[in-house]
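This report describes how the helices of one model pack and where its nonpolar residues gather.

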Amino acid sequence: MANSKSPLKMIFAIKKEEWPLVLSLFAQNFLINTTYWIHKQLKTEKLYSHYDNEPFVLFGLEMSASQAELLAKALNIAVAALAVVAFSNASNYLRRQNLLAFFAGFIVLALLGFSVIIENPPAAVVWVFYLFGDLFNTLMLAAFFSFANDILPSEAAKRLYGVIGLGGVLGGSVGSTTLRATMDSISSDRWMLIAAGIVVAIVGFAFLNARFAKQAGLGDEPAP
């Protein structure tokens with residue numbers, strides 16, 4: 001007798017009660033990576049356009065746009081380290097969806113601020129905007145996977161992370177292709193507002209995830 005399970009269920013063995021949680025985590029990961037890849041391309045475009053006409057000068061040394069980006073990537077390491085420290089400290093006081101909501105609030109405020117000045121940014125804003133891109137990715141993904149690891153026992157994680165991770169892969173593809181297709185029709189300040197709206201939606205999915213995890217019998221709060 002042929003197996004009645006669909007290929008997706010056979011591969012990932014997702015239980016019926018887990019589907020709402022899996023799809024919600026998939027969507028959340030999709031939106032995080034979509035937003036990151038849109039921002040990744042915007043920050044690179046802003047850096048290159050700013051230094052295309054005038055070189056970046058550091059201690060009397062002139063650098064091209066590509067050399068300036070190499071320096072920015074090196075600075076991202078320091079920013080990521082500071083983000084890890086901030087995340088670790090915040091996680092001592094906040095848990096799960098509240099932790100993600102805390103950092104999302106900071107990110108939304110930053111995006112709203114960038115929306116005012118991103119069209120013709122001075123050099124300082126160009127650099128802050130570039131570093132902010134990786135800060136977004138570090139904080140949001142750390143909070144996302146902290147929540148996912150907290151609610152999914154190892155057995156469930158082995159079955160479900162394939163689908164959840166696929167959301168991130170697809171999000172990166174959609175984010176990069178969407179920006180290329182709409183670069184001429186949607187201004188950078190509008191993209192900042194769109195990104196802020198997406199981040200709010202990501203927080204909404206975080207609270208949905210908590211509800212779906214409870215319905216699936218996962219993620220009960222540990223006893224104090």
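## Helix packing and cores

Helix 3 and helix 4 cross with right-handed geometry. The model is a predicted one. Two packed helices are described by the angle between their axes and the distance between the axes. For helix 3 and helix 4, the packing angle is about 135°, and the axes lie 10 Å apart. Because of that angle, helix 3 counts as oblique to helix 4.

On the helix 3 side of the contact are A86, F87, A90 and S91, which meet L99, F102 and F103 of helix 4. By residue type, this contact has six nonpolar members, one polar and no charged.

The largest nonpolar core of the model comprises 57 residues. L21, L100, L111, M140, L152, M192 and V199 have the most contacts inside this core. The helices in the table each supply at least two residues of this core.

| Helix | Residues |
|---|---|
| Helix 2 | 19-51 |
| Helix 3 | 65-91 |
| Helix 4 | 96-117 |
| Helix 5 | 123-151 |
| Helix 6 | 154-182 |
| Helix 7 | 188-215 |

Helix 5 gives the largest share of this core, with 13 residues. Apart from this core lies another one, of 10 residues, including L47, F56, M63 and A68.

L152, one of the residues with the most contacts inside the largest core, can be followed individually. With neighbours within four places in sequence left aside, L152 is in contact with L21, L25, A157, L160, Y161, I164 and L218. Among these partners, L21 is also listed with the residues that have the most contacts inside the core.

Technical notes: Residues numbered from 1 in each chain as written. Predicted model: local features only at pLDDT ≥ 70, side-chain atom pairs only at ≥ 80, totals over all residues. Heavy atoms only, no water. Core = buried A, V, L, I, M, F, W, Y, C linked by side-chain atoms within 4.5 Å. Buried < 20%, exposed > 50% of the residue type's maximum accessible area, 1.4 Å probe, protein only. Helix = DSSP H or I, 4+ residues; strand = E, 2+ residues; numbered from the N terminus. Contact = heavy atoms within 4.5 Å. Axes fitted to C-alpha atoms, helices over the stretch in contact; angles between N-to-C directions. Parallel < 35°, antiparallel > 145°, perpendicular 65-115°, else oblique. Left-handed = near helix turned anticlockwise from the far one by under 90°. Nonpolar A, V, L, I, M, F, W, Y, C, P; charged D, E, K, R; others polar.
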